[in-house]
Amino acid sequence: MAASFRIDQIETPVLDDFIQQLKRIYASMDDAYDRAAQQYGFACDGCRDNCCRTRFYHHTLIEYLYLKEGLMTLSVDLQDQVKLRAIT
């Protein structure tokens, strides 16, 4: 029997602590990627036929929540711009 799961059932302090740890992990990953990319001459400059234009629909739940948290820090106008770019 599969257990049902709802994100609103997670205690806020637990989720907040986890998100803070996740931010540190993602920052570390970004730094490591930047160092490797610089060593090999990779640069993200908005290319139209590579990773900058690839859509990913396979985020984990925690990645989705992290992205949503970041989106919610933006003004409503900027949120709308991001959402529009995400679907075009």
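Select Lys23 and Glu69 to begin: in this predicted model, their side chains meet in a salt bridge, with a nitrogen-to-oxygen separation of 3.1 Å. The pair ties together distant parts of the chain, since Lys23 belongs to helix α1 and Glu69 to helix α2, 46 residues apart. The structure holds 1 salt bridge, and this is the pair to display for it. Side chains of opposite charge can pair when their charged atoms come close.

With both residues still selected, colour them by accessibility. Are they buried or exposed? Lys23, at 30% relative accessibility, counts as partly exposed. Glu69 is likewise partly exposed, with a relative accessible area of 29%. Both values fall in the partly exposed class because that class lies between 20% and 50%.

Next, select Tyr66, which is found in helix α2. Tyr66 has a relative accessible area of 24% and is therefore partly exposed. Add Gln20 to the selection and draw a distance between the two C-alpha atoms: the separation is 9.7 Å, although the residues lie 46 positions apart along the chain.

Now zoom out and show the chain as a cartoon. Three elements should appear, in the order α-α-α from the N terminus on. The protein chain has 3 helices and 0 strands. Of its 88 residues, 9% count as buried. If a surface is switched on, the accessible area of the protein chain comes to about 8,000 Å², and 57% of that belongs to carbon and sulfur atoms.

Keep the surface on and select Tyr33, Tyr40 and Phe42. These residues form a nonpolar patch on the surface, and their accessible area together is about 420 Å². Within this group, turn to Phe42, which is found in the loop between α1 (12-40) and α2 (61-72). How accessible is Phe42? Its relative accessible area is 56%, so Phe42 is exposed, the threshold for that class being over 50%.

Tyr33 leads to the last stop, as it also appears in the lining of the second largest pocket. Select Tyr26, Met29, Asp30, Tyr33 and Asp34 to display that lining. Rolling a probe the size of a water molecule over the atoms shows where empty space is left. The second largest pocket has a volume of about 200 Å³. Which kinds of residue make up its lining? The lining divides into 3 nonpolar and 2 charged residues, with no polar ones.

Notes
Residues are numbered from 1 along each chain as its sequence is written. This is a predicted model: local features need pLDDT of at least 70, side-chain atom pairs count only at pLDDT 80 or more; totals for chains, interfaces and linings use all residues. Side-chain values use heavy atoms; hydrogens and water are left out. On a 1 Å grid over the protein atoms alone, a cavity is a set of points where a 1.4 Å probe fits but cannot get out, and a pocket is an open set with protein on both sides within 12 Å along at least five of seven lines; lining residues have an atom within 4 Å of a point. Grid points are joined across faces, edges and corners, and a volume is the space filled by probe spheres set on the points. Ala, Val, Leu, Ile, Met, Phe, Trp, Tyr, Cys and Pro count as nonpolar, Asp, Glu, Lys and Arg as charged, and the others, Gly among them, as polar. Patches are made of residues with over 30% relative accessible area and no salt bridge: like charges are joined within 9 Å, nonpolar side chains (Val, Leu, Ile, Met, Phe, Trp, Tyr) within 5 Å. Accessible areas come from the Shrake-Rupley method with a 1.4 Å probe; for residues, only the protein chains shown count as cover. A salt bridge is a side-chain nitrogen of Lys or Arg within 4 Å of a carboxyl oxygen of Asp or Glu. Helices (H or I, at least four residues) and strands (E, at least two) are DSSP runs, numbered from the N terminus. Buried means under 20% relative accessible area, exposed over 50%, partly exposed in between (1.4 Å probe, protein chains only).
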